[in-house]
Amino acid sequence: MVIGDGPEHKTLVKLAKNSPLITFIPWLETSELAAYLQNAQAYLFPSLEPFGIAAVEALAAGCPVIAYAEGGSRDFVHTDGPGRNGLLFSEQTPESLASALKTFNPADFDRETIQNSAKSFSPDVFRQKIAALVTKTAKTTKTAAATPAAKTTPIEKPAKTPSETKTTGEPQ
């Protein structure tokens, strides 16, 4: 299933060639999209993006993400450990994606764990982090302003050596 009507929509429809395996759904309201994601086996994210808000929205819905292992996906797709929430594939090729899809088993993922992995990107966490940064910066600025400037002493010119004195024949 492909949801959305972005700039590649027409190209993807042509590539699908009316395949009965692919369904195209136009843009959806957030609540409708969340329902699809909550019931999807996985969300494919093959793009090279600096972040990938749509993939994080899929995680927030408890949907595992299968993503290209470059760009922002490395910041939010965790492939090992207790916070496991998806798979990464190494190349933007059909073969690399197909290999990841062959290893993917939805039963290996816990939807609650996946939802929890997206909480670090929530608006509340963002506000808390910004507030902490502003507080820290304000304290640093106050500390710097309260610290007296370092005293500087003028640099004395060294005495001239005999070879540097000008000989004019007159007494000096």
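Where along the chain is the place of Lys 17? Lys 17 sits in the loop that runs between helix H1 (9–16) and strand E2 (24–25). Keep that spot in mind; the legends below come back to it. One thing to know before looking closer: this is a predicted model.

**View 1. The whole chain, with seven helices and five strands.**
Start with the overall picture. Going along the sequence, the protein chain reads β-α-β-α-β-α-β-α-β-α-α-α. The chain has 172 residues, and 20% of them count as buried. About 13,000 Å² of the protein chain is exposed, with carbon and sulfur atoms supplying 58% of that area. Take the contacts between residues at least 6 apart in sequence: 39% of these join residues at least 24 apart.

**View 2. Lys 17 and Asn 18, two residues with positive phi in the loop between H1 and E2.**
Back to the opening spot. Most residues other than glycine have a negative phi. Lys 17 has a phi near 50°, a positive value in a residue that isn't glycine. For Asn 18, phi is near 60°, again positive in a residue other than glycine. Asn 18 is also found in the loop between H1 and E2. Are these residues buried or exposed? Lys 17 counts as exposed at 69% relative accessibility, and Asn 18 is exposed too, with a relative accessible area of 77%.

**View 3. An open sheet of three strands in the order E3-E4-E5.**
Here the pairing is parallel. Strands of a sheet pair through backbone hydrogen bonds. Strand E3 (43–45) and strand E5 (86–89) stand at the edges and have a single partner strand each, so one side of each has no neighbour in the sheet. From one strand to the next, the twist averages 15°. Zoom in on E3 and strand E4 (residues 65–68), and you find them paired in the parallel sense over three bridges. Which residue in E4 does Phe 45 stand opposite? That would be Ala 67.

**View 4. Helix H3 lying across E3 and E4.**
Helix H3 covers residues 53–60 and runs at about 160° to E3. On the way from E3 to H3 there's a loop, and Gly 52 is found in it. Gly 52 is buried, because its relative accessible area is 13% and the cut-off for buried is under 20%. What does Gly 52 touch, leaving aside residues up to four places away in sequence? The answer is Phe 45 and Phe 76. Another glycine comes into this view as well: the C-alpha atoms of Gly 52 and Gly 72 are separated by 6.4 Å, though the two residues are 20 apart along the chain.

**View 5. Two salt bridges, found by searching the whole structure.**
Side chains of opposite charge can pair when their charged atoms come close. One salt bridge joins Glu 70 and Arg 74, with 3.7 Å between the closest N and O atoms. Glu 70 counts as partly exposed, at 33% relative accessibility. In the other, Asp 124 pairs with Arg 127, and here the closest N and O atoms are 2.7 Å apart. How many residues apart in helix H7 are Asp 124 and Arg 127? They are three residues apart, so about one helical turn separates them. Asp 124 is partly exposed, with a relative accessible area of 48%, while Arg 127 counts as exposed at 52% relative accessibility.

**View 6. A nonpolar surface patch made by Phe 126, Ile 130, Leu 133 and Val 134.**
The patch comes to about 390 Å². One of its members, Val 134, lies in helix H7 (residues 123–146). Val 134 is exposed, with a relative accessible area of 52%.

**View 7. Asp 108 in the loop between helices H5 and H6.**
Helix H5 spans 94–103 and helix H6 spans 111–117, with Asp 108 placed in the loop between them. At 45% relative accessibility, Asp 108 counts as partly exposed. How far is its C-alpha atom from that of Pro 64, what is the separation? The two C-alpha atoms are 9.8 Å apart, for residues 44 apart along the chain.

Definitions and conventions
Residues are numbered from 1 along each chain as its sequence is written. This is a predicted model: local features need pLDDT of at least 70, side-chain atom pairs count only at pLDDT 80 or more; totals for chains, interfaces and linings use all residues. Side-chain values use heavy atoms; hydrogens and water are left out. Patches are made of residues with over 30% relative accessible area and no salt bridge: like charges are joined within 9 Å, nonpolar side chains (Val, Leu, Ile, Met, Phe, Trp, Tyr) within 5 Å. Accessible areas come from the Shrake-Rupley method with a 1.4 Å probe; for residues, only the protein chains shown count as cover. A salt bridge is a side-chain nitrogen of Lys or Arg within 4 Å of a carboxyl oxygen of Asp or Glu. Helices (H or I, at least four residues) and strands (E, at least two) are DSSP runs, numbered from the N terminus. Buried means under 20% relative accessible area, exposed over 50%, partly exposed in between (1.4 Å probe, protein chains only). Two strands pair if DSSP finds at least two bridges between them. Axes are lines fitted to C-alpha atoms, for helices over the stretch in contact, and angles run from 0 to 180 degrees between N-to-C directions. Contact means heavy atoms within 4.5 Å.
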